[in-house]
Amino acid sequence: MSTVKPSTVPIMPTMPALARALPKVEDEIRALATSSSLPIVNTFAGRITAAGGKRLRSVLILAGSLAVSGRITDQAVTAAACVELLHAGSLVHDDLMDNAQERRGVRTVNADWGMGPAVLVGDFMLARASQAALDRISPFAASRLAQAVTDLVEGQVLEVLDLYDPLRTKENARRSVELKTGALFEVGCVLAAHCADADEATTADMARFGALFGLMFQVLDDLLDLASTSERLGKPVGNDIRQGVYTLPLLGALTADQRTLLANRGRELTDAELTRLLAELRETSLVADTFAHCTSLAAQAVRALPDLAGSSSADPEALGILRELPGAYLDWAASQID
């Protein structure tokens with residue numbers, strides 16, 4: 001696997017309040033990841049979280065809380081750190097299931113320490129996130145994070161049940177994404193509203209925005225695995241097909257002959273066969289169709305945002321950032337495709 005780290009998504013807002021809060025989130029992520037009484041757990045959990053990432057979830061939480069209440073509280077910072085830690089813990093488990101050797105240019109826990117210890121490190125990170133939410137935010141926050149873990153696990157199970165099945169339905173693929181990725185974006189936006197003392201209607205609107213944003217985010221990520229390049233992404237393309245995960249963009253583009261190929265050769269697909277399949281897919285309307293779908297999801301997400309015009313505490317600039325993020329991420333994804 002390439003050791004080149006993926007490109008940073010250039011859509012992070014420069015709003016001063018967010019710029020001041022994001023480093024605090026990083027500090028708290030680091031503190032939570034290295035809070036075990038066992039140094040070896042801290043070493044691996046700290047290394048995984050230090051590798052960074054897009055931090056879109058943090059931006060959504062901080063900007064969401066600021067948009068609703070006009071301020072970013074310590075609780076909102078903790079909420080962002082908890083969601084990022086939960087996400088990182090889930091990636092440790094993903095790497096284990098995929099037998100991945102590297103992520104973001106860093107050796108995975110399973111590669112360096114083994115399969116069993118990787119399970120435990122991931123478990124520690126998931127549990128620590130919920131514990132921090134309970135101790136520092138509220139029982140409601142801890143409960144919603146625990147529910148997000150449940151959703152994530154169920155989404156992963158649905159994916160496992162459909163591995164190497166070229167007849168997987170789009171409905172099943174979408175439901176898996178909604179649970180695996182959408183739920184984590186959704187809980188982040190729910191916690192943003194919670195930390196801002198939002199009412200139920202505002203919280204529901206924020207939840208809807210997060211769920212749609214997360215779905216769009218994952219569908220675009222799945223598209224890039226088919227249509228971008230290893231050089232742009234900093235990792236091999238076609239990984240989903242290699243691992244038998246037939247995603248929404250792929251399922252919408254496969255021909256009958258390609259489905260037959262995957263049915264007969266999916267588990268033994270050679271590099272040459274995969275390269276040819278990817279080239280064929282890129283000659284179809286795969287990219288255009290997926291972007292049309294994601295553009296619709298982005299528009300739905302923006303429409304779902306709460307109307308805060310009558311609120312004296314709302315921050316219009318932060319709300320504007322939330323409105324711009326789906327489109328900005330669409331633009332970034334388009335820049336990663338030749």
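In the predicted model, Thr247 is in contact with Arg168, Asp222, Leu226 and Asp240, its neighbours within four places in sequence being left aside. Thr247 is situated in the loop that runs between helix H11 (239-242) and helix H12 (248-253). The relative accessibility of Thr247 is 5%, and this residue therefore counts as buried, the cut-off for that class being under 20% relative accessible area.

Burial was also evaluated for the chain as a whole. Of the 338 residues, 54% are buried. The accessible surface of the chain amounts to about 14600 Å², and carbon and sulfur atoms account for 52% of this area.

With regard to secondary structure, the chain contains 16 helices and two strands. Helices H11 (239-242) and H12 (248-253), which flank the loop holding Thr247, are among the elements of the chain. When contacts between residues at least 6 apart in sequence are considered, 76% of them join residues at least 24 apart.

The overall dimensions were assessed from the C-alpha trace, which spans about 60 × 45 × 30 Å along the principal axes of the chain. The radius of gyration is 20 Å, in agreement with the value near 20 Å that a compact globule of 338 residues would have.

The distribution of charge was examined last. The chain carries 31 positive and 42 negative charges, and the mean positions of these two sets are 3 Å apart.

Methods:
Residues are numbered from 1 along each chain as its sequence is written. This is a predicted model: local features need pLDDT of at least 70, side-chain atom pairs count only at pLDDT 80 or more; totals for chains, interfaces and linings use all residues. Side-chain values use heavy atoms; hydrogens and water are left out. Helices (H or I, at least four residues) and strands (E, at least two) are DSSP runs, numbered from the N terminus. The radius of gyration is taken over C-alpha atoms; the globule rule is 2.2 Å times the number of residues to the power 0.38. Buried means under 20% relative accessible area, exposed over 50%, partly exposed in between (1.4 Å probe, protein chains only). Contact means heavy atoms within 4.5 Å. Accessible areas come from the Shrake-Rupley method with a 1.4 Å probe; for residues, only the protein chains shown count as cover. Lys and Arg count as positive and Asp and Glu as negative; His and the chain ends are not counted. The place of a charge is taken as NZ of Lys, CZ of Arg, CG of Asp or CD of Glu.
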